Amino acid sequence: MKDTLDEYIEFHRKNSGTGKLFKFKFLDYKEGYLELEGEFNEFSLNPDGSVQGGMMTSMLDDVTCLLIIFETKGQIYPASTDLHSLHHRPLFKGRVRAKATLIRKGKNIASIKGELFDKEGRVATTLMHTAYLVQKPIK
């Protein structure tokens with residue numbers, strides 16, 4: 001299972017700008033749930049040293065999409081229709097934990113929740129992601 005997920009993460013790293021930026025590492029997977037470690041570097045920061053909110057949203061967009069892509073064996077590409085992010089506390093340069101949880105997947109639409117956690121394990125950002133499911137093999 002981990003090897004297959006690592007293949008999708010590697011594909012994402014090679015074929016996407018944010019895949020190179022966030023440097024994802026696999027942590028955990030079970031049906032409807034994915035946990036990765038990601039990194040915010042100096043290019044992700046506001047002038048005050050905190051991570052820019054759009055970068056947090058972007059990371060969660062990637063993680064929630066990777067969950068759908070993996071669970072459909074690379075046959076479905078989730079096209080975002082709505083990304084609603086809530087920022088609870090700041091994050092700073094370095095590694096973070098990112099979780100994606102499938103709320104509901106229908107024939108054409110999926111809803112996925114994403115969360116980022118700070119170094120103390122506190123939720124820093126929540127994303128509610130709605131995506132249109134496009135039949136488009138990625139491999």
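This passage walks through the nonpolar core, the main pocket and the aromatic pairs of a predicted model.

The core is a good place to start. In soluble globular proteins, nonpolar side chains tend to be buried together. Here, the largest nonpolar core takes in 34 residues. Within that core, the residues with the most contacts are Phe24, Leu34, Leu36, Phe40, Met59, Leu91 and Leu116. Quite a few parts of the chain chip in: at least two core residues come from each of helix 1 (2-15), helix 2 (17-22) and helix 3 (53-71), and the same goes for strand 1 (25-30), strand 2 (33-40), strand 4 (94-105), strand 5 (109-117) and strand 6 (123-135). Helix 3 supplies the largest share, ten residues.

Leu91, one of the core residues with the most contacts, shows what such a spot looks like up close. Leaving aside residues up to four places away in sequence, Leu91 touches Phe40, Ser50, Val51, Met56, Val96, Leu116, Phe117, Asp118 and Ala124.

Next comes the pocket. The largest one has a volume of about 230 Å³. It is lined by 13 residues, and His12, Ser16, Cys65, Ile69 and Tyr77 are the closest to its centre. Helix 1, helix 3 and strand 3 (76-87) each put at least two residues into this lining. Helix 3 turns up again as the biggest giver, with five lining residues. As for the make-up of the lining, eight of its residues are nonpolar, three are polar and two are charged.

That leaves the aromatic rings. A pair of aromatic rings is described by the distance of the centres and the angle of the planes. The structure has four aromatic pairs. In one of them, the ring centres of Phe22 and Phe24 sit 5.9 Å apart with the planes at 50 degrees, so this pair counts as tilted. Phe22 has a relative accessibility of 0% and is therefore buried; Phe24, at 9%, counts as buried too.

Tyr29 and Phe70 make an edge-to-face pair, with 4.9 Å from centre to centre and 80 degrees between the planes. Because Tyr29 belongs to strand 1 and Phe70 to helix 3, this pair ties together parts that are 41 residues apart in sequence. Both Tyr29 and Phe70 are buried. The story does not stop with two rings, though: ring pairs link Tyr8, Tyr29 and Phe70 into a cluster.

How values were computed
Residues are numbered from 1 along each chain as its sequence is written. This is a predicted model: local features need pLDDT of at least 70, side-chain atom pairs count only at pLDDT 80 or more; totals for chains, interfaces and linings use all residues. Side-chain values use heavy atoms; hydrogens and water are left out. A nonpolar core is a set of buried Ala, Val, Leu, Ile, Met, Phe, Trp, Tyr and Cys residues joined through side-chain atoms within 4.5 Å. Buried means under 20% relative accessible area, exposed over 50%, partly exposed in between (1.4 Å probe, protein chains only). Helices (H or I, at least four residues) and strands (E, at least two) are DSSP runs, numbered from the N terminus. Contact means heavy atoms within 4.5 Å. On a 1 Å grid over the protein atoms alone, a cavity is a set of points where a 1.4 Å probe fits but cannot get out, and a pocket is an open set with protein on both sides within 12 Å along at least five of seven lines; lining residues have an atom within 4 Å of a point. Grid points are joined across faces, edges and corners, and a volume is the space filled by probe spheres set on the points. Ala, Val, Leu, Ile, Met, Phe, Trp, Tyr, Cys and Pro count as nonpolar, Asp, Glu, Lys and Arg as charged, and the others, Gly among them, as polar. Rings of Phe, Tyr and Trp (its six-membered ring) pair if their centres lie within 6.5 Å; planes under 30 degrees apart count as stacked, over 60 as edge-to-face and the rest as tilted.
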